[in-house]
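Dear colleague,

I am passing on the structure we spoke about, with the sequence alongside. Please look it over before reading my notes underneath.

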Amino acid sequence: MSRTALRICPLCEATCGLTLTIEGTRVTHARGDRDDVFSQGFICPKGASFGAVDSDPDRLRTPLVRRDGELREATWEEAFDAVAAGIRPVVERHGPNSVGVVLGNPNVHTMAGALYPTVLLAGLGTRSIFTASTVDQMPKHVSSGLLFGDANAIPVPDLDRTDHLLLIGANPLESNGSLCTAPDFPGKLKALKARGGTLVVIDPRRTRTAKLADRHIAVRPGTDALLLAAMAQVLYEEGLVDPTPHVQGIEELAGELREFTPEVVAEACDVEAGVIRTLARELAAAPTAAVYGRIGSCTVPHGTLASWLVDVLNILTGNLDRPGGALFPQAATDKTPRPAGPGRGFALGRWHSRVSRHPEAKGELPLSALAEEIDTATEEGEPVRALIAVAANPVLSAPDGDRLDKALDSLDFMVSVDPYLNETSRHADVVLPPPPPSQSPHHDFAFNTLAVRNQVRYTRPAIPLEPGRMAETEILARLILAVTGMHGADPAAVDHMVIDQTLGKAVKEPHSPVHGGDPRELAGRLTGDTGPERRLDLMLRLGPYGDGFGVRPDGLSLEKLLAHPHGIDLGPLEPRLPQPLKTRSGRVELLPGPIADDLPRLRAALAERPEGLVLVGRRHLRSNNSWMHNVPALTGGSNRCTLQIHPEDAERLGVQNAEPVRVKGAGGEVTVTAEVTDAVRRGVVSMPHGWGHDRPGTRLSHASTDPGVNVNQLLDGRLLDPLSGNAVLNGVPVEVAPGAAPESPAVTEKLTALT
């Protein structure tokens with residue numbers, strides 16, 4: 001007999017509500033939840049394939065422990081014994097920085113990934129921290145930190161009310177949005193146009209989003225910051241500046257941008273000066289407008305400057321922090337809002353990587369530096385000798401995966417929390433597999449801070465844990481205990497500790513609703529069936545909409561949220577400045593020192609011209625990085641690993657459609673199938689990210705039948721945005737030639753293993 005259950009989809013940033021049909025203990029169907037307060041029934045192909053993702057037969061069901069060189073099934077007790085025996089001696093002998101931690105993108109899609117990694121990092125005390133952010137979004141965090149004093153204070157476009165939307169380096173019809181949580185992003189763009197609004201897309205590819213636009217600008221890859229700087233210069237030159245309040249540095253910025261005129265930047269961007277002026281004038285003239293940039297403008301040599309200039313344009317036109325512009329969301333689990341005023345500010349480079357001396361950003365080192373931090377000896381500090389990878393596959397996501405592949409093999413010890421034996425976890429000494437999403441609770445801690453409408457939703461597991469499974473929250477709690485010298489303690493102790501620390505601080509804060517209270521008494525009033533639920537209850541009660549433990553009877557709590565299974569709508573985004581600001585001045589600091597210091601590098605870029613082809617990435621609607629290539633329903637069709645190349649470039653190089661081509665970059669060479677199309681501009685080729693499932697020792701039976709190639713192997717990891725440490729993945733010079741190259745080392749290794 002079938003039943004239904006609600007679940008928030010964890011497969012992309014849109015966070016759509018689902019209604020699951022369940023037969024026994026298996027999800028057999030998924031459709032959009034029409035009563036969901038946020039997504040209102042919208043669903044994409046990933047959400048519709050929830051059941052197939054959930055029941056993938058290649059998902060690991062029990063821990064694996066390496067014995068005699070082979071990964072073999074083990075009990076949970078054996079696995080955590082091995083973790084404690086493998087990590088603690090490294091820490092005690094070589095210090096905490098000798099243990100690296102890699103956090104992958106899926107962490108932000110689970111409750112466990114939001115609640116426990118910060119505790120893990122604090123307990124270890126390591127500075128060898130690497131995450132997917134430095135191959136994706138770190139420039140936006142850094143620019144927000146410098147502008148607003150808080151790296152997580154990221155304004156999002158008010159999609160439902162704006163009159164003019166300018167997208168740069170973003171393709172939300174494929175990505176469903178990123179750093180902008182918006183179910184049915186396509187529908188919101190169509191609604192914008194239906195109400196007479198304007199959509200402008202700046203992208204070197206004619207994407208599905210670009211096809212919908214009123215104006216598509218095929219900019220030269222990597223010149224986003226130059227184009228945006230010229231638009232800002234036009235605003236100053238033509239007297240169109242009408243800035244947002246609470247801002248300092250307006251006049252100083254005018255001087256810094258004076259030479260970035262449209263006429264000067266036009267050749268570098270390959271965009272006519274008149275077009276640039278029109279873009280600026282239309283932005284300023286619109287009743288409301290928002291500029292939004294994403295991965296295409298982040299993963300370039302001037303990613304932080306481009307991210308900064310996105311907000312500069314919003315600020316100069318008065319569209320930051322106003323309805324219809326770009327506003328700061330207010331999540332239900334945000335900290336208790338503090339009174340407006342000066343904060344501690346944001347600092348870069350508090351420490352540096354050991355080998356190349358890359359400065360930290362937001363407490364992280366560049367993922368591109370992971371291999372050298374393992375395989376290179378220096379006189380300063382210990383190399384990374386042990387690694388903890390949580391939901392991370394850096395062999396595919398970081399530049400030069402072949403080098404990292406070899407480096408991982410040299411580690412003293414490695415533990416991976418992952419449901420698959422993939423290109424990275426195959427190196428682990430212990431693999432700890434979390435259960436499928438149907439057996440896990442869900443609340444979007446991270447994505448609600450980026451949502452285009454304030455709301456709060458929570459779903460408990462749709463299916464009970466199978467026998468032999470362990471909740472992901474318990475896995476990470478036990479991992480924390482094992483690596484911090486408390487192996488064998490009750491995992492509930494981790495949640496108790498966090499609750500005690502949080503309440504201990506809250507009762508001392510004058511602006512807190514529990515100021516002066518008794519932490520133990522307050523902890524006793526928390527509800528929830530599990531430690532994670534009690535922590536959620538705590539955050540809701542202390543949050544901006546919370547009941548304050550009875551201070552505001554109509555406020556939020558876990559109990560109230562559970563009574564609303566389709567979520568609670570908290571209303572549209574509202575102006576919040578100056579409250580979110582944590583800068584030392586208490587104002588938006590429009591021209592922070594690190595930005596001003598980096599502008600000469602942008603001026604030098606005015607003279608740069610690529611002589612050959614440059615590479616850009618692309619997204620697929622039915623994919624999310626390397627996650628879903630093992631699900632048959634989400635591969636094939638348009639979701640293919642090909643090299644898109646313009647017909648004129650193909651003819652000049654002798655490249656034939658659907659035939660193999662060799663692509664060579666600074667990090668190596670790959671062979672891939674050509675896709676000749678005018679969807680890319682001349683001089684540009686495009687390959688998708690997340691492929692390359694051809695290494696031996698994995699258990700990805702479907703993905704390995706059509707492995708594709710790893711685009712990041714074309715990179716050697718040396719190209720970084722200096723302010724953020726973000727890898728440069730777009731606008732990278734490559735060479736393209738027809739014909740197949742010799743077998744790659746990975747393919748050769750696989751063939752050898754098979755024979």
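What follows is a description of the whole chain and then of one serine.

This is a predicted model, in which local features need pLDDT of at least 70 and side-chain atom pairs count only at pLDDT 80 or more, while totals for chains, interfaces and linings use all residues. Residues are numbered from 1 along each chain as its sequence is written, and side-chain values use heavy atoms, leaving out hydrogens and water.

The protein chain holds 26 helices and 26 strands, which are DSSP runs numbered from the N terminus (helices H or I, at least four residues; strands E, at least two). Its radius of gyration, taken over C-alpha atoms, is 25 Å, which agrees with the value near 27 Å for a compact globule of 755 residues, the globule rule being 2.2 Å times the number of residues to the power 0.38. Along the principal axes, the C-alpha atoms fill a box of roughly 70 × 65 × 60 Å.

Of the 755 residues, 61% are buried (under 20% relative accessible area, with a 1.4 Å probe and protein chains only). Among contacts (heavy atoms within 4.5 Å) with a separation of 6 or more, 73% join residues 24 or more positions apart.

Ser 144 belongs to helix α6, residues 138-148, and is buried, with a relative accessible area of 0%. Leaving aside residues up to four places away in sequence, Ser 144 touches Gly 149, Asp 150, Ala 151, Ala 153, Ile 154 and Pro 155. A polar atom of the Ser 144 side chain lies 3.3 Å from the backbone oxygen of Ala 153.

With best regards

Definitions and conventions: Buried means under 20% relative accessible area, exposed over 50%, partly exposed in between (1.4 Å probe, protein chains only). A polar contact is a pair of N or O atoms within 3.5 Å; within protein, one must be able to donate a hydrogen and the other to accept it, and residues adjacent in sequence count only if both atoms are side-chain atoms.
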